[in-house]
Amino acid sequence: MKSILIFTYTDREKSPFLPIWISYYSKIANSKLVILYRNEKPNISKDQLDKVDLINVSHFFNKDNNAKFVPTNDLFIDYQHEFLLTYDVVIYSDNDEFIIHNNINEILNKDFDQCLVTTGVEIVQNVPYENPFNFQKKINDQRKFMVKSAWYNKPLIVNKKTQWVAGKHNFNKFKNYVDGLYLIHLGKICLSLSKELIEETRILYPQHKFHADFDSHYKNQFNNPNHKDQPMIEIPIEIKTLIDKIL
């Protein structure tokens, strides 16, 4: 069985998705989880803390990029290359991104050429018909709609050194898609939560010009019945089954 390293990054003490990220990825066989964090250690429960290694990357930032809420991409590539010295497969995902397949352990243990590419799906709130998201309840009990998003077709699973672009959005460069291998993005699952996180980001990184036109940005992100010019569709049974593996 291959050894697998899965890592993510957080720039704040509290992340609503991080406990779900740990819970989900810790179930992948023969895997090690690493959280790169900046400044404040993430506030997670002791039992989850036992499942991860925490690496403070604050030293990585110079004066210029310290004001940015997204670090320069070299940070992620450097750690990817370092982890590949020890592990057979390295996976990165933001803590609101879940790489999932009905047979994920089998997929990860098969031979593949450099990387595997996900098919992107965003679970979205159908404003104003769905309530704010409750992290104590199942996703499928609260959200009925999704958007197909090529933005999340990402080469996040690698077994050789791979030069990720910013955001890991290597469009059209890699074609190694696997049928049924999805990246399910939860970052836009709740309008009020997204607004809260954006405002927190503005406070943490006041020099970063992040979504200057706030109201217009969120009108576009959560527009009903379309989402970023893609149709909002009912979540099919196949994807609902996968979502149940997350929360």
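# A guided tour of the predicted model

Select threonine 201 and arginine 12: a polar contact of 2.8 Å joins their side chains. The model on the screen is predicted. Threonine 201 belongs to helix 5, which covers residues 191–204. Now add leucine 197 to the selection; its backbone oxygen is reached by the side chain of threonine 201 at 2.9 Å. Is threonine 201 buried or exposed? Threonine 201 counts as buried because its relative accessibility is 5%, and the limit for buried is under 20%.

**Strand 1 and its partner**

Select residues 4–10, which make up strand 1. Seven of the seven residues in this strand are buried, so the strand is largely enclosed by the rest of the structure. In a regular strand, side chains alternate between the two faces of the sheet. Which residues of strand 1 point one way, and which the other? Ile4, Ile6, Thr8 and Thr10 point one way, while Leu5, Phe7 and Tyr9 point the other way. All of these residues are buried.

Next, display strand 2, residues 31–37. Strand 1 and strand 2 run parallel and are joined by seven bridges. To view one pairing, select phenylalanine 7 together with valine 34, its bridge partner in strand 2.

**The nonpolar core**

Keep phenylalanine 7 selected and add Ile123 and Ile184. These three residues have the most contacts inside the largest nonpolar core, which has 66 residues. Centre the view on isoleucine 184 and show its surroundings. Leaving out residues up to four places away in sequence, isoleucine 184 touches Asp96, Glu97, Phe98, Ile100, Val121, Ile123, Ile239, Leu242, Ile243 and Ile246.

**Leucine 18 in helix 1**

Move to helix 1, residues 18–25, and select leucine 18. Leucine 18 has a relative accessible area of 2% and is therefore buried. Which residues are in contact with leucine 18, apart from its neighbours within four places in sequence? The contacts are Thr8, Thr10, Ile35, Pro42, Ile44 and Asn95. Of these, Thr8 and Thr10 have already appeared in strand 1, pointing one way from that strand. As an exercise with the distance tool, select the C-alpha atoms of leucine 18 and asparagine 43: they are separated by 9.2 Å, although the residues are 25 residues apart along the chain.

**Salt bridges**

Side chains of opposite charge can pair when their charged atoms come close. How many salt bridges does the structure hold? The structure holds 11 salt bridges, and several of them are worth displaying in turn.

Begin with lysine 32 and aspartate 53, whose closest N and O atoms are 3.2 Å apart. This pair links distant parts of the chain, since lysine 32 lies in strand 2 and aspartate 53 in strand 3 (residues 52–56), 21 residues apart. Lysine 32 counts as partly exposed at 26% relative accessibility. Aspartate 53 is also partly exposed, with a relative accessible area of 35%.

Select glutamate 97 and lysine 154 next. Their side chains meet in a salt bridge of 2.7 Å, N to O. Glutamate 97 lies in strand 5 (residues 97–100) and lysine 154 in the loop between strand 7 and strand 8, so the pair ties together parts that are 57 residues apart in sequence. Both glutamate 97 and lysine 154 are buried. Glutamate 97 is also one of the residues that isoleucine 184 touches.

The side chains of glutamate 130 and arginine 143 form another salt bridge, at 3.9 Å, N to O. Both residues lie in the loop between strand 6 (115–124) and strand 7, 13 residues apart. Glutamate 130 and arginine 143 are both buried. Finally, select Asp11, Arg12 and Glu200, which are joined into one network by salt bridges that share partners. Arginine 12 is thus a return to the opening of the tour, where its side chain makes a polar contact with threonine 201.

**Serine 149 and two cysteines**

Select serine 149, in the loop between strand 7 (145–148) and strand 8 (157–158). Serine 149 counts as buried because its relative accessibility is 9%. With residues up to four places away in sequence left out, serine 149 touches Gly120, Val121 and Glu122. Val121 is also among the residues touched by isoleucine 184.

For the last stop, select cysteine 115 and cysteine 190. Cysteine 115 is buried, with a relative accessible area of 0%, and cysteine 190 counts as buried at 3% relative accessibility. How many disulfides does the structure hold? The number of disulfides is zero.

Key: Residues numbered from 1 in each chain as written. Predicted model: local features only at pLDDT ≥ 70, side-chain atom pairs only at ≥ 80, totals over all residues. Heavy atoms only, no water. Helix = DSSP H or I, 4+ residues; strand = E, 2+ residues; numbered from the N terminus. Buried < 20%, exposed > 50% of the residue type's maximum accessible area, 1.4 Å probe, protein only. Contact = heavy atoms within 4.5 Å. Salt bridge = Lys/Arg side-chain N within 4 Å of Asp/Glu carboxyl O. Core = buried A, V, L, I, M, F, W, Y, C linked by side-chain atoms within 4.5 Å. Disulfide = S-S within 2.5 Å. Polar contact = N/O pair within 3.5 Å; in protein donor to acceptor, adjacent residues only side chain to side chain. Pairing = 2+ DSSP bridges.
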